[in-house]
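Biologist: I should like a close look at a single part of this model, namely its interior. Please give me one connected account, starting from a particular residue and working outwards.

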Amino acid sequence: MSTINSTTTPSYVDSLKQGTAKEKTDAEKAGALTQSDFFALLTQQLAFQDPTKPVENDQMIAQMTSFTMADGISSLNNNFKDFAASMNSNQALQASSLVGRNVLVNSDKLVFDGVNEAVGSAEVPANTSSLTVKVYNAAGELVRSAPAVEPPAGKFDYVWDGKDNNGAVLKGGLYTVKVEAEVAGENQALKTSTYVPVTSVTLGKSTGDMTLNLYGLGAKKLSDILEIAAG
């Protein structure tokens, strides 16, 4: 027993001296056990084990398997973080390309800038005999009404030139639109959406926190965007 102790102890001390001379990794700085720590402990366990009761093979394999699994999970977490950061960067780049373009979102608001036409959309059910697009100002007053006879079923786009029923151009601002339809002999209000220009993009810590800032409508999530108009 004395022979074993005398030959292994200097090796153990030397390994500690060499370890302190090397530059510490991030894991070592954080106080976590690294792969080299595991093998150092395993070496010492084998060196100082009782020769009459050596470590069983299955016990040693279990220890190595546990460490391998823990090391693999740690590597997977690091890889996933890098992947998530890359996805966030790519999505931010794609979102920034939308600035200045028009996107379609669910809304009953029409944004008229005083110059360009305001465009909206409604989903027309089958058996719709007629519909009427009505535009109201901020005071709730009806300023424009335009009927459509036998509109086709499906997506129905409407364009408002910013004029009232008398042909006068109104001031730019936020207007409310209502689409009333007669479907199978019954009157009903259709769900509306509107095309709005993207003014800027707000980046968050993750892709879920990223928002598009829309002219007149404020911030909307990427998931709220129904359609992107052609550039």
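Modeller: S193 counts as buried because its relative accessibility is 7%, where buried means under 20% relative accessible area, exposed means over 50% and partly exposed lies in between, with a 1.4 Å probe and protein chains only. The model is predicted, so to speak of a local feature requires a pLDDT of at least 70, side-chain atom pairs count only at pLDDT 80 or more, and totals for chains, interfaces and linings use all residues. Residues are numbered from 1 along each chain as its sequence is written, and side-chain values use heavy atoms, with hydrogens and water left out.

S193 belongs to strand β9; helices (H or I, at least four residues) and strands (E, at least two) are DSSP runs numbered from the N terminus. Residues up to four places away in sequence set aside, S193 touches L104, V105, N106, S107, G120, S121, Y158 and L226, a contact being heavy atoms within 4.5 Å.

Y158, one of the residues touched by S193, leads to the interior proper. Y158 is among the residues with the most contacts inside the largest nonpolar core, together with L110, L131 and W160. That core has 20 residues; a nonpolar core is a set of buried Ala, Val, Leu, Ile, Met, Phe, Trp, Tyr and Cys residues joined through side-chain atoms within 4.5 Å. The elements that give two or more residues to this core are β2 (109-112), β3, β4 (128-136), β5 (142-149), β6 (154-160) and β7 (173-183). Of these, β7 supplies the largest share, five residues. In soluble globular proteins, nonpolar side chains tend to be buried together.

L131 shows how this packing looks from one residue. With its neighbours within four places in sequence left aside, L131 is in contact with V124, A146, P147, A148, P151, F156, V179, E180, A181 and L190. A second, separate core has twelve residues, including A95, L98, V103 and V111.

V179, a contact of L131, lies in strand β7. V179 is classed as buried because its relative accessible area is 1%. Apart from residues up to four places away in sequence, V179 touches A122, L131, T132, V133, Y158, Q188, A189, L190 and T192. The contact with Y158 links V179 to a residue that S193 also touches. V133 lies 46 residues from V179 in sequence, yet their C-alpha atoms are 4.6 Å apart in space.

A further buried position is found in a loop. D164 sits between β6 and β7, and D164 counts as buried because its relative accessibility is 16%. Leaving aside neighbours within four places in sequence, D164 has contacts with V143, R144 and L170. The C-alpha atoms of D164 and S145 are 8.3 Å apart, with their positions 19 residues apart in sequence.

Exposed residues supply the contrast. V159 belongs to strand β6, but V159 is exposed because its relative accessible area is 53%. Its contacts, neighbours within four places in sequence excluded, are with E117, A118 and V119. S121 is 38 residues from V159 along the chain, and the two C-alpha atoms are separated by 8.7 Å.

Two loop residues deserve mention for their backbone. N127, in the loop between β3 and β4, has a positive phi of about 65 degrees although N127 is not a glycine. N127 counts as exposed because its relative accessibility is 63%. A184, in the loop between β7 and β8 (186-190), likewise has a positive phi, of about 50 degrees, without being a glycine. A184 is also exposed, because its relative accessibility is 60%.

These positions can finally be set against the whole protein chain. The chain has four helices and twelve strands, and buried residues make up 26% of its 231 residues. Among contacts between residues at least 6 apart in sequence, 65% join residues at least 24 apart. The pair V179 and V133, 46 residues apart in sequence, illustrates such a separation along the chain.
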